[in-house]
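Biologist: Please take a close look at the aromatic cluster in this structure and at what surrounds it. I would like one connected account rather than a list.

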Amino acid sequence: MGIKLKPSKEIISRLQIEEYGPLHKYMAERAMVRMNAKYVPEKNGVLHDTSRVDTSDCSIHYEQQYAGYQYYGQRKDGTHKIVKHTKPGTGPYWDKLMMSAEGNDLRKDLEKALKSGRF
């Protein structure tokens, strides 16, 4: 008895799990929402209000010119380190903060989306 499978590219495409596909975009959006909710430093919300997911490569962008300073916690030249953020629990490398605290929950979001038949 033989089993004939479709080509892997066709299977991946049908399941919408290809790189930069709908599922990838969904996960980038969920990650951005989680980062903005608790981990992105804010004083008045402008930094995360101007965040967006680039649909061409599923990268997350923060559009304010000071975003890099906030993300790295210092200027590019290593000076002017941020000692205290205005919102407790936030800080540099907020993507890593979110993943260490909520990575399992993000994974569960993915599982729910797959089970719901949305993808």
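Modeller: The account below starts with the chain as a whole, moves to the aromatic rings, and then follows their surroundings outward.

The model is predicted. Mean pLDDT for the protein chain is 83, and 85% of the residues score at least 70. Helix H1, residues 8-14, has the lowest mean pLDDT among the elements, at 64, while S1 has the highest, at 94. Where pLDDT is low, the predicted coordinates should not be read in detail.

The protein chain contains five helices and two strands, in the order α-α-α-β-β-α-α along the sequence. It has 119 residues, of which 31% count as buried. About 8500 Å² of the chain is exposed, and carbon and sulfur atoms supply 53% of that area. Taking contacts between residues at least 6 apart in sequence, 53% join residues at least 24 apart.

Now the rings. A pair of aromatic rings is described by the distance of the centres and the angle of the planes. Five aromatic pairs turn up in a search of the whole structure. In the pair Tyr 71 and Tyr 93, the ring centres are 5.0 Å apart and the planes stand at 65 degrees, so the pair is edge-to-face. Tyr 71 sits in helix H4 and Tyr 93 in the loop between H4 and H5, so this pair links distant parts of the chain, 22 residues apart. Tyr 93 also pairs with Tyr 72: here the centres are 5.8 Å apart and the planes are at 80 degrees, so this pair is edge-to-face as well. Tyr 72 lies in helix H4, and its pair with Tyr 93 ties together parts that are 21 residues apart in sequence.

The three tyrosines can be set side by side by accessibility. Tyr 71 has a relative accessibility of 17% and counts as buried, because the cut-off is under 20%. Tyr 93, at 36%, counts as partly exposed, and Tyr 72 is partly exposed with a relative accessible area of 47%. Together with Tyr 62 and Trp 94, Tyr 71, Tyr 72 and Tyr 93 form one aromatic cluster.

Tyr 62 and Trp 94 also belong to the largest nonpolar core, which has 18 residues. They are among the members that touch the most other members, along with Met 35, Val 40, Leu 47, Met 98 and Leu 106. Two or more residues of this core come from each of helix H2 (22-38), helix H4 (67-72) and helix H5 (94-115). H2 gives the largest share, six residues.

Leu 47 is a useful place to see the core and the cluster together. Not counting residues up to four places away in sequence, Leu 47 touches both Tyr 62 and Trp 94. Its other contacts are Val 40, Pro 41, Gln 64, Tyr 66, Ala 67 and Gln 70.

Tyr 62 leads on to a polar residue. Leaving aside neighbours within four places in sequence, Asn 36 is in contact with Tyr 62, and also with His 48, Ser 51 and Lys 87. Asn 36 is found in helix H2 and is buried, with a relative accessible area of 12%. Its side chain is joined to that of Ser 51 by a polar contact of 2.9 Å.

Arg 34 lies in helix H2 too, and at 15% relative accessibility it counts as buried. Beyond its neighbours within four places in sequence, Arg 34 is in contact with two of the core residues named above, Met 98 and Leu 106. The other contacts of Arg 34 are Tyr 39, Glu 102, Asp 105 and Asp 109.

One further buried residue deserves a place here. Cys 58 lies in the loop between strand S1 (51-54) and strand S2 (59-62), and its relative accessibility is 9%, which counts as buried. Not counting residues up to four places away in sequence, Cys 58 touches Tyr 20, His 24, Lys 25, Ala 28 and Val 53. Its C-alpha is 8.8 Å from that of Glu 19, although the two residues are 39 apart in sequence.

How values were computed
Residues are numbered from 1 along each chain as its sequence is written. Side-chain values use heavy atoms; hydrogens and water are left out. A nonpolar core is a set of buried Ala, Val, Leu, Ile, Met, Phe, Trp, Tyr and Cys residues joined through side-chain atoms within 4.5 Å. Buried means under 20% relative accessible area, exposed over 50%, partly exposed in between (1.4 Å probe, protein chains only). Helices (H or I, at least four residues) and strands (E, at least two) are DSSP runs, numbered from the N terminus. Contact means heavy atoms within 4.5 Å. A polar contact is a pair of N or O atoms within 3.5 Å; within protein, one must be able to donate a hydrogen and the other to accept it, and residues adjacent in sequence count only if both atoms are side-chain atoms. Rings of Phe, Tyr and Trp (its six-membered ring) pair if their centres lie within 6.5 Å; planes under 30 degrees apart count as stacked, over 60 as edge-to-face and the rest as tilted. pLDDT is the predictor's confidence in each residue, from 0 to 100. Accessible areas come from the Shrake-Rupley method with a 1.4 Å probe; for residues, only the protein chains shown count as cover.
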